[in-house]
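Biologist: Could you take me through this protein step by step, with the reasoning behind each answer spelled out for a first-year student?

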Amino acid sequence: MYAEVLVDIAHQAVDQVFDYEIPASMQENIAIGQRVKVPFAGRTLTGFVVRIKNGTDLQKVKPLTDILDLVPYFNEERLNLSEDLYSYHAYPRVSYLNAMI
């Protein structure tokens with residue numbers, strides 16, 4: 001299983017989702033809307049799970065390192081709202097998610 005994660009960096013250059021492998025030990029506890037820890041550019045950052053999927057087209061995918069929330073911060077409606085705001089305004093999508101916390 002794989003998670004599409006929006007990394008918590010409010011910059012246009014990284015304003016996209018990145019695929020991460022969900023380790024077997026986390027698969028029962030992962031959910032859309034949770035905050036997770038991920039390796040990114042040589043450091044560990046917080047990110048938001050926006051989608052869970054069975055496969056990826058990428059060859060090398062790093063694993064999630066931790067799940068921070070037992071209960072997801074965001075439901076589908078709030079994730080969709082952040083995407084709608086992002087498509088209408090020029091701010092990074094993660095900025096809207098952080099404002100909702």
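The questions and answers below go from the sheet to its cores, its charged pairs and a few single residues.

Modeller: Before we begin, please keep in mind that this is a predicted model, in which local features need pLDDT of at least 70, side-chain atom pairs count only at pLDDT 80 or more, and totals for chains, interfaces and linings use all residues. Residues are numbered from 1 along each chain as its sequence is written, and side-chain values use heavy atoms, with hydrogens and water left out.

Biologist: In what order do the five strands stand in the open sheet?

Modeller: Strands (E, at least two residues) and helices (H or I, at least four) are DSSP runs numbered from the N terminus, and two strands pair if DSSP finds at least two bridges between them. Five antiparallel bridges join β1 to β2, six join β1 to β4, and six join β3 to β4. β2 and β5 stand at the edges with a single partner strand each, so one side of each is left without a neighbour in the sheet. The order is therefore β2-β1-β4-β3-β5.

Biologist: Which residue in β4 stands opposite Val7?

Modeller: Strand β4 covers residues 43-53 and runs antiparallel to β1. On the β3 side, the bridge partner that Val36 has in β4 is Gly47. The residue opposite Val7 is also Gly47.

Biologist: Which residues touch the most other members of the largest nonpolar core?

Modeller: A nonpolar core is a set of buried Ala, Val, Leu, Ile, Met, Phe, Trp, Tyr and Cys residues joined through side-chain atoms within 4.5 Å, where buried means under 20% relative accessible area, exposed over 50% and partly exposed in between (1.4 Å probe, protein chains only). The largest core has 16 residues, and β1, β2, β3 and β4 each supply at least two of them. Apart from it lies another core, of seven residues, among them Leu6, Phe48, Val50 and Phe74. In the largest core, the residues that touch the most other members are Val5, Tyr20, Val36 and Leu64.

Biologist: With which residue does the side chain of Glu4 meet in a salt bridge?

Modeller: A salt bridge is a side-chain nitrogen of Lys or Arg within 4 Å of a carboxyl oxygen of Asp or Glu, and the whole structure has five. Glu4 is in strand β1 (residues 2-7) and counts as buried at 12% relative accessibility, while its partner is partly exposed at 42%. The pair ties together parts that are 47 residues apart in sequence, because one residue lies in β1 and the other in β4. At 3.1 Å, N to O, the partner is Arg51.

Biologist: Which residues do salt bridges that share partners join into one network?

Modeller: Lys53 in β4 and Asp19 in β2 meet in a salt bridge of 3.0 Å, N to O, so this pair ties together parts that are 34 residues apart in sequence. Lys53 is buried, with a relative accessible area of 15%, and Asp19 is buried as well, at 15%. A polar contact (a pair of N or O atoms within 3.5 Å; within protein, one must be able to donate a hydrogen and the other to accept it, and residues adjacent in sequence count only if both atoms are side-chain atoms) of 3.0 Å joins the side chains of Glu4 and Lys53. The network consists of Glu4, Asp19, Arg51 and Lys53.

Biologist: Is Gln34 buried or exposed?

Modeller: Gln34 is found in the loop between β2 (17-21) and β3 (35-40). Its side chain reaches the backbone nitrogen of Ala31 at 2.6 Å, and one of its polar atoms lies 3.2 Å from the backbone oxygen of Asn29. With a relative accessible area of 1%, Gln34 is buried.

Biologist: Near what value is phi of Ala41?

Modeller: Most residues other than glycine have a negative phi. Ala41 lies in the loop between β3 and β4, in a hairpin with two residues between the strands, and counts as exposed at 64% relative accessibility. Its phi is positive, near 55°.
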